Amino acid sequence: MIILAIESSCDETAAAVMENDERLLSNVVNSQIDLHGKYGGVVPELASRKHLEDIYPVVDRALIEAGITLDLVDGLAVTQGPGLIGSLLVGLSFVKALSLVKRIPYVGVDHMAGHLFSVFLGQQKPSFPYIALVASGGHSSLFHVKDHFNYTLVGRTRDDAAGEAFDKVAKILGLPYPGGPIISQLSQQGDKDAIAFPRSWLAPDSLDFSFSGLKTSVANYVRQNHHPDITADICASFQEAVVDVLAGKAIRAAKKFLVKNIVIAGGVAANPRLRQVVTDRGEKEGFDIFMPDTAFCTDNAAMIALAGYYRFQQASTLELDMDVYSRSSLFAAG
Ligand code: KG4
Ligand code: ZN
């Protein structure tokens, strides 16, 4: 089965072509970072207009790079939510039009399910069950994943998501959007033990996250002490506080549910320090750690193609009157 997938939930217009769940034939990601950077975050109205401009060329390129035409596509997959409504609508409307004109069935994919299964795009694939930490701009969530169709939300953020904390701290430090990549880069020159920022563990058995206290603590520290010389130390110490909690809670979840495999995914899983700490602690405590290549951690359509493939296995194709949604339906499971 050849699947053409489209992702347009936030600030990336992406398209990918995949054969079954095995072979990625193309993966095109067109980032809008340059457009939103000067505003310090994503401007929804600009995002949807840019998706509208980019979607046709991006899909065209994905087909060309895969060496196929639409006539060879057996199924379409599109991110249905969560995300920015206007942006999601561009992808869904495009897919509906293709589906109608070319008579190709389509499925809607939850963006979070895309992140959850993105690990299967790599060489090292976990067996079920596993605990998945999905840390992105909008979510910091822990899932107990039993198979491709059964996954339960077991922990979530109570305020800011991990990626959001990186983005907000970057803003506090006068660094560009998105904050994750620049903070992880600057952290390499900083001392992670320079400032003891707080870790919010919540109750001893809690699998939820809270990063807004940490963000406030960084803001207070910067107000009192900021000097350009210590930016790298602030970055490294802040990053360490986030990584410590993310890694600690993923392991806590694996222990609680007696699961041996741990997966990390989502944009924040591109963070080299998180990858290293989860790997080291996991190994030390007897867990097997799996993570997608960094290109599949940040938003892409390959993960939507893969999650779409599983939807087709369930025969859950959509009618033409289906709508997008802004919040994840996966949270209903929690
Ligand atoms: O998954 P993603 O691409 O989009 C959403 O679904 O939100 O995640 C984007 C988030 C942003 O908040 C960005 O700052 C963060 O992931 N991010 C990182 C890194 N690269 C991206 N955070 C920490 N370290 C990174 N290297
Ligand atoms: Zn995402």
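## Salt bridges

A salt bridge is a side-chain nitrogen of Lys or Arg within 4 Å of a carboxyl oxygen of Asp or Glu. By that rule, this predicted model holds 15 salt bridges. Side chains of opposite charge can pair when their charged atoms come close.

Let us visit a few of them. Arginine 23 pairs with glutamate 19, with N and O 3.0 Å apart; glutamate 19 has 26% relative accessibility and counts as partly exposed. Lysine 192 and aspartate 193 form another salt bridge, at 3.2 Å from N to O. In this pair, lysine 192 is partly exposed at 33%, whereas aspartate 193 is exposed at 56%.

## A link across the sequence

Which parts does the salt bridge between aspartate 288 and lysine 260 tie together? Aspartate 288 sits in strand S10 (residues 288-290), while lysine 260 belongs to the loop between helix H8 (231-256) and strand S9 (261-265), so the pair connects parts that are 28 residues apart in sequence. The closest N and O atoms of this pair are 4.0 Å apart. Aspartate 288 is partly exposed, with a relative accessible area of 34%, and lysine 260 is also partly exposed, at 49%.

Some salt bridges share partners: Asp160, Glu164, Lys168 and Lys215 are joined in this way into one network.

## The zinc site

Now turn to the zinc ion (ligand 2). Its protein donors are His111 (NE2), His115 (NE2) and Asp299 (OD), at 2.0 to 2.1 Å from the ion. Along the chain, the donors follow the spacing H-x3-H-x183-D.

Both histidines, 111 and 115, are found in helix H4 (residues 111-117), where they are four residues apart, or about one turn of the helix. Are these two residues buried or exposed? Histidine 111 counts as buried because its relative accessibility is 7%, and histidine 115 is buried too, at 0%.

## Two domains and their interface

The protein is divided into domain 1 (2-116 + 297-332) and domain 2 (125-291). Their C-alpha centres lie 27 Å apart. Domain 1 brings 19 residues to the contact, and domain 2 brings 22 residues.

How much area do domain 1 and domain 2 bury between them? The figure is about 1,800 Å², with 73% of it on carbon and sulfur atoms. Zero salt bridges are found across this interface, but three residue pairs are in polar contact there. On the side of domain 1 that touches domain 2, H4 and helix H10 (302-313) are the elements that give two or more residues. H4 gives the most to that side, with four residues.

Key: Residues are numbered from 1 along each chain as its sequence is written. Chains are lettered from A and ligands numbered from 1 in the order in which they are written. This is a predicted model: local features need pLDDT of at least 70, side-chain atom pairs count only at pLDDT 80 or more; totals for chains, interfaces and linings use all residues. Side-chain values use heavy atoms; hydrogens and water are left out. Donors are N, O and S atoms within 2.8 Å of the metal (3.2 Å for Na, K and Ca); water is not among the atoms, so sites may look incomplete. Buried means under 20% relative accessible area, exposed over 50%, partly exposed in between (1.4 Å probe, protein chains only). Domain bounds come from an automatic or database domain assignment. Contact means heavy atoms within 4.5 Å. Buried area is the accessible area (1.4 Å probe) that two parts lose on being put together, summed over both. A polar contact is a pair of N or O atoms within 3.5 Å; within protein, one must be able to donate a hydrogen and the other to accept it, and residues adjacent in sequence count only if both atoms are side-chain atoms.
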